[in-house]
Amino acid sequence: MIQVRLAAPRRAARVTGLILGAALLRALLLPAGDLLSTIVFAACLLSISWFERDTPTLPSPASGGGKVPAVKAMLAGLAVGAVLLVPVVSGPFSARPVSAFVPWAAIAALVATLEETTIRGVLYRQWAGEAGTLVAIVLGAAVFALIHLPRYGLAAMPLDAAVGLALGGLRALTGRVLPCAVAHTLADWGAWFWS
């Protein structure tokens with residue numbers, strides 16, 4: 001038991017570093033093109049999720065252990081996604097062509113799902129097991145804000161951190177990652193039309 005407790009913080013810190021490293025790599029590749037940098041970022045997140053999927057964790061001391069039924073969890077994800085749209089719907093409509101939405105939406109959904117799988121899945125599980133649910137939510141929100149820093153700048157950090165807190169809270173509330181991916185994707189899709 002002592003060895004597991006000592007190893008867990010290193011695993012959680014390693015996953016945190018891997019996610020931040022993937023975001024840094026994406027930022028460094030941006031001059032080579034948005035598509036290339038996004039593909040590499042998505043591949044990194046998929047790799048992290050895949051290789052860390054069975055990593056043992058300690059049970060979270062604050063977790064109730066139960067999951068909300070899938071239908072209720074998905075409804076919660078849709079509700080949180082709608083709330084996340086509030087900051088953007090007050091602005092003017094985007095000048096982007098609607099015809100470009102479908103391919104962008106598919107990529108955005110994939111990347112949002114991979115971000116949630118790594119942050120609210122692997123990272124959350126590691127930190128919750130070692131330091132508790134609150135730490136997992138807060139650190140997940142910080143990582144979420146930091147990975148978006150190169151794309152959206154310092155001005156977006158408070159909003160990204162708030163979104164990360166909302167998604168972490170949704171993860172804690174439902175016990176599931178999929179509602180977080182739904183909320184994140186819905187917010188990204190809405191931002192297409194209003195920003």
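A residue counts as buried when its relative accessible area is under 20%.

**Figure 1. Overall fold of the predicted model.** The protein chain contains eight helices and zero strands, and its elements follow one another as α-α-α-α-α-α-α-α from the N terminus. Of the 195 residues in the protein chain, 42% are buried. The exposed surface of the protein chain amounts to about 10,100 Å², with 75% of it supplied by carbon and sulfur atoms. When contacts between residues at least 6 apart in sequence are considered, 81% of them join residues at least 24 apart.

**Figure 2. Close-up of helix 2, residues 34–51.** Helix 2 has 18 residues, which at 1.5 Å a residue should span 26 Å; the end C-alpha atoms are 26 Å apart, in agreement with that value. The buried residues in helix 2 are S37, T38, F41, A42, L45, I48 and S49. They lie on the same side of helix 2, because the arc they cover around the axis is only 130°. Residues three or four places apart point the same way because an α-helix has 3.6 residues a turn. The other side of helix 2 carries the exposed residues L35, W50 and F51.

**Figure 3. Close-up of the largest nonpolar core.** This core has 31 residues. I19, F41, L84, I119, L123, I147 and L167 are those with the most contacts inside the core. At least two core residues come from each of helix 1 (2–29), helix 2, helix 3, helix 5, helix 6, helix 7 and helix 8. The most is given by helix 5, with eight residues.

**Figure 4. Contacts of I147.** Leaving aside residues up to four places away in sequence, I147 touches I19, L20, A23, F41, E115 and I119. Among these partners, I19, F41 and I119 are also listed, like I147 itself, with the most contacts inside the largest nonpolar core. F41 is one of the buried residues of helix 2.

**Figure 5. Close-up of helix 8, residues 178–194.** Helix 8 has 17 residues and reaches 25 Å from its first C-alpha to its last, close to the 24 Å expected at 1.5 Å a residue. P179, C180, A181, V182, A183, H184, T185, A187, G190, A191 and W192 are buried in helix 8. The packing partners of the buried residues of helix 8 are helix 3 (70–84), helix 4 (86–89), helix 5 (101–131), helix 6 (133–152) and helix 7 (157–174). Helix 8 also supplies at least two residues of the largest nonpolar core.

Note on methods. Residues are numbered from 1 along each chain as its sequence is written. This is a predicted model: local features need pLDDT of at least 70, side-chain atom pairs count only at pLDDT 80 or more; totals for chains, interfaces and linings use all residues. Side-chain values use heavy atoms; hydrogens and water are left out. Helices (H or I, at least four residues) and strands (E, at least two) are DSSP runs, numbered from the N terminus. The expected span of a helix is 1.5 Å times one less than its number of residues. Buried means under 20% relative accessible area, exposed over 50%, partly exposed in between (1.4 Å probe, protein chains only). Contact means heavy atoms within 4.5 Å. Accessible areas come from the Shrake-Rupley method with a 1.4 Å probe; for residues, only the protein chains shown count as cover. The arc is that of the directions from the helix axis to the C-beta atoms. A nonpolar core is a set of buried Ala, Val, Leu, Ile, Met, Phe, Trp, Tyr and Cys residues joined through side-chain atoms within 4.5 Å.
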